[in-house]
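Here are a few exercises to try with the model open on your screen. Have a go at each one before you read the solution.

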Amino acid sequence: MDAVLEAAAHILGQRGWRGLTTNAVAETAGVSIGSLYQYFPNKLALVEAVRQRHFDQVLAILITAADRNLARARRIEVLVDGMIGVHGRYPAAHRVLLEEVPRGDDARPRHDRFAMILQQRYEAIVLANAGHLAEEHRRVVARVLSSAVAGVVHDAAGRGTLDSDSLKRELMGLVDSYLSSK
């Protein structure tokens, strides 16, 4: 199934939503169209699986970035490197997912769940770095941090600059400075 999702993300980034076909995905992944349809009844279901995999990857990074057994600098590095890595793999596909792909009927609950867990994981990062904050303040700091990281990373993905060392340094500095000020 990973090969199918990789093929779908690749084609989505190259051809966009309209250019994505299940036949092209099956051919690129080296599987039969019948095998693909066993798991994904249509292209929207396939793309939702690509989106879900992206959500899962982002959330996994946040778990590691909140690990109190890591030094603070390492937690920040995990966060920044991880977000750049996840968004840098298929940046054009990520843009297509955000801007072109329609959402299935069951997408809203998945997105809401992702947003809720994302917030909780960013709160855990804030707690690991500024544990003295009151809960309500920690929630706000987590929202600001999440928005700042997402904004920088999504903008850089759109511009094709995710591989910039100076971008990484600046984003790490931004996260460190923000958390240090708390």
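**Exercise 1.** Is Y39 buried or exposed? Then do the same for its ring partner and classify the pair.

*Solution.* Keep in mind that you're working with a predicted model.
- Start with Y39: its relative accessible area is 58%. Exposed means over 50%, so Y39 is exposed.
- Next, take F40. With a relative accessible area of 5%, F40 is buried.
- Now look at the two rings. Y39 and F40 have ring centres 6.5 Å apart and planes at 50°. Stacked needs under 30 degrees and edge-to-face needs over 60, so this pair is tilted.

**Exercise 2.** Work out why the pair formed by F55 and F114 counts as stacked, and find which helices it ties together.

*Solution.*
- The search of the whole structure turns up 2 aromatic pairs.
- For F55 and F114, the ring centres sit 3.9 Å apart and the planes meet at 10°, so the pair is stacked.
- F55 belongs to helix 4 and F114 to helix 7, so the pair links parts that are 59 residues apart in sequence.
- Check burial too: F55 has 8% relative accessibility and counts as buried. F114, at 15%, is also buried.

**Exercise 3.** Find which residues have the most contacts inside the largest nonpolar core, and which elements build that core.

*Solution.*
- Nonpolar side chains tend to be buried together in soluble globular proteins.
- Here, the largest nonpolar core holds 34 residues, and L62, L79, Y122 and V175 have the most contacts inside it.
- Two or more residues come from each of helix 4 (43-65), helix 5 (72-88), helix 7 (107-129), helix 8 (135-159) and helix 9 (165-180).
- Zoom in on V175: skipping neighbours within four places in sequence, V175 touches I76, L79, V80, L145 and V149.
- Don't stop there, though. A second, separate core has 23 residues, including W17, A24, L36 and L46.

**Exercise 4.** Describe the chain as a whole: its elements, its burial and its charges.

*Solution.*
- Count the elements: you get 9 helices and 0 strands.
- Of the 182 residues in the chain, 42% are buried.
- Look at contacts between residues at least 6 apart in sequence: 67% of them join residues at least 24 apart.
- On the outside, the chain exposes about 9,500 Å², with carbon and sulfur atoms supplying 51% of that.
- Finally, tally the charges. There are 23 positive and 21 negative side chains, and the centres of the two sets are 2 Å apart.

Methods. Residues numbered from 1 in each chain as written. Predicted model: local features only at pLDDT ≥ 70, side-chain atom pairs only at ≥ 80, totals over all residues. Heavy atoms only, no water. Core = buried A, V, L, I, M, F, W, Y, C linked by side-chain atoms within 4.5 Å. Buried < 20%, exposed > 50% of the residue type's maximum accessible area, 1.4 Å probe, protein only. Helix = DSSP H or I, 4+ residues; strand = E, 2+ residues; numbered from the N terminus. Contact = heavy atoms within 4.5 Å. Areas by Shrake-Rupley, 256 points an atom, 1.4 Å probe, with all protein chains shown as cover. Lys, Arg positive; Asp, Glu negative; His and termini not counted. Charge placed at Lys NZ, Arg CZ, Asp CG, Glu CD. Phe/Tyr/Trp six-rings, centres within 6.5 Å; stacked < 30°, edge-to-face > 60°.
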